[in-house]
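Reader: Could you take me through one part of this protein up close? I'd like the salt bridges and the residues around them, with a bit of the overall setting to start.

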Amino acid sequence: MSHPTSAPPGRRLAGLSMAALGIVYGDIGTSPLYAFSEIFGGAHDLPVTEDRVYGALSLVFWTLTLIVSVKYVLIVMRADNEGEGGIMALASLATSAVRKHRSAAIIMVFGVIGAALFYGDGMITPAVSVLSAVEGLEIVAPSLSSLVVPIALVLLIGLFVIQRYGTGRVGALFGPVMLLWFIVIGVLGLASLWQSPDILVSIIPTYAVSFLVADPLAGFLALGSVVLCVTGAEALYADMGQFGRRPIRLSWFAVAAPALYLNYLGQGARVLRDPQAVDNPFYLLVPSVLQIPMIVLATLATIIASQAVISGAFSMTQQAIRLGYLPRMTVLHTSADERGQVYVPFVNWVLMVAIIGLVIGFQDSSNLASAYGIAVTGTFVITTCLITVVARHRWGLSWFVVAPVAAVFLLIDGTFFAANLTKFNHGGWFPLVAAAIIFTVLSVWRWGWNRMMQRLSSLQVPMSELTTLLNRPGAVVTPGMIVYITVEDGVPFALVQRLMIFNIVEERVLIMRLITTETPRVAPDERMEYERLGEHIGEARVRYGFMERPDPEDVVRKLATQVSGIDPPTCTYGFHSIHLQIEPSPLPVHLMAELFAFMQRNAVDPQRYFHLPPERVIEVGRLVEI
């Protein structure tokens, strides 16, 4: 199996690039539907003048260039964690590059905040994208405006229903549609440019500077909407594990970027010819006879746009589970070729419910666009901080190189974030509230897990006492082999409990310790270390990356080829389940413990998570106070 980041030859590269076009660039590719009009008609209602149009276009052009082309495509995507992207993978990479424990802890906090903001973004993107497309009906037939929300809801529900088929299949379906979309929006922009070629000078950065200097307040407020042209940039990095670096870069520079530049310039030219067109410059680029087909294509494209953040949320969730920031959930791998393509049912349905609530609550794309941006720009700031750590401590670049580049991007990202904070009362509160809730969940699970493991470590029986335990007087030896699965040190609790309570031990015992590494994947030859502890006792230390699901049955099958006497089809698997009892504590700590206990009770049980046969599983319970 080829690594996702290796250069796929010929047809495979073309196929992955097409799929990446469908999955990765759906969000940023459909931003022209609402981004440019929001600069003038959004929450702050900026009047249209020639200088402002030129300035706004210049800001859009350089925002796309600096944030997407330079920062994400050329710099951040170099920081793949063995092929995986996303802010959790980046935080893990940065943490491993910093040796000081306190610094590492702070870096992971930043990563968790970034992940929470990404989830908040993932709730708004599908709602605003699909609504903005369906609202084209209001131009063609104003009488149908009452159907916009119901149609958007039906389309969004359908999108979440098909997620279980996997991003690879979805991408193969969506790729050609997005290719057509980019061709069409590029041609529409070019046709408008042909009528007003003078607009091309707006790409000179002095127009952006003049816009900000001439009217600082108006320019600052406009930045809150300008950033809408790069929503979805984080998905380029988050979805890297799904397709690989090279296909994503190729599809950006060859297709997506040229089409976006042309369309935004075309919209600006259209607004200059008719300032009234600012209400919906995208659809007014389209000849009237083609508006209905364009609405259909735009609707398909915005459904696809939602896929970028949905698949990114799945990847982020799997990383968080393996890194110990979320409880076990069902994670389904949907591709035999690309290991990064996963589907998480729980996240899928929670996102769907949240998005339905957003569509019903905000009703139109303009209201949602006002809520958009805070989560996105907050993620931008954190990504810049983390990539700076990686560049300095992992790539070994001099501070003379790292500091100026970091300062430029922090200035850009920080300004965009500050500008979007002005939209707080216009709906910007929602992604912040959503991110705060998600951050609380991630943090409480990590806190509770550490607290629980500390209590368990105080109860552990050291491995030096294993032989004494197994040879205790009166112990009944039963035929067969049992595999005790554990993540802790010491003698597995399930083994101790069975001996203490039932006085039973199997004639062959294998202790399987599962270890999560800071890398997304572990090479097969580094996966396992086996040690013989006695005549019929062995210990296997098995390493998995944070993007891999442990497979105990596969470990046993491989051990059977190295160790005599192991019969995989007859092995029994043993593990302990923990039942929590919350001890008296101050109210804040008590509430955190209650939330952790609730999540722990509802986590997927090990038998289902490891896909073990239920008829060969022994589960022993243990009460632990936290």
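Author: Here is the overall setting, followed by a close look at the salt bridges and some residues around them.

A word on the basis: this is a predicted model, in which local features need pLDDT of at least 70 and side-chain atom pairs count only at pLDDT 80 or more, while totals for chains, interfaces and linings use all residues. Residues are numbered from 1 along each chain as its sequence is written, and side-chain values use heavy atoms, with hydrogens and water left out.

The protein has 25 helices and eight strands; these are DSSP runs numbered from the N terminus, helices being H or I over at least four residues and strands E over at least two. Its radius of gyration is 27 Å, close to the 25 Å from the globule rule for 626 residues, so the protein is as compact as a globular protein of that length. (That radius is taken over C-alpha atoms, and the rule is 2.2 Å times the number of residues to the power 0.38.) Along the principal axes, the C-alpha trace spans about 95 × 50 × 50 Å. Of the 626 residues, 58% count as buried, where buried means under 20% relative accessible area, exposed over 50%, and partly exposed in between, using a 1.4 Å probe and protein chains only. Take contacts (heavy atoms within 4.5 Å) between residues at least 6 apart in sequence: 82% of them join residues at least 24 apart.

Now to the salt bridges. The structure holds 13 of them, each being a side-chain nitrogen of Lys or Arg within 4 Å of a carboxyl oxygen of Asp or Glu. One joins Glu583 and Arg455, at 3.0 Å from N to O. Glu583 sits in the loop between β7 (572-581) and α24 (587-602), and Arg455 in helix α20 (residues 429-459), so this pair ties together parts that are 128 residues apart in sequence. Arg455 is partly exposed, at 27% relative accessibility. Arg451 comes into the picture too, linked with Arg455 and Glu583 in a network of salt bridges.

Next is Arg527 with Glu548, whose closest N and O atoms are 3.0 Å apart. Arg527 is in the loop between β4 (504-516) and β5 (528-534), while Glu548 is in the loop between β6 and α23 (552-560), so the pair ties together parts 21 residues apart in sequence. Both Arg527 and Glu548 are buried.

Arg527 also leads us to Tyr544, which has Arg527 among its contacts. Tyr544 lies in strand β6 (residues 537-544) and is buried, with a relative accessible area of 5%. Leaving out residues up to four places away in sequence, Tyr544 touches a set that includes Arg322, Leu514, Thr516, Val522, Arg549, Asp551 and Val555. Leu514 is 30 residues from Tyr544 in sequence, yet their C-alpha atoms are 7.3 Å apart in space.

Helix α23 has a bridge of its own: Lys558 pairs with Asp554, with the closest N and O atoms 3.1 Å apart. The two are four residues apart in the helix, which separates them by about one helical turn. Lys558 is partly exposed at 45% relative accessibility, and Asp554 is also partly exposed, at 22%.

One last residue is Arg498, in helix α22 (residues 493-502). Arg498 is buried, with a relative accessible area of 9%. Apart from neighbours within four places in sequence, its contacts include Ile482, Tyr484, Glu506 and Val620.
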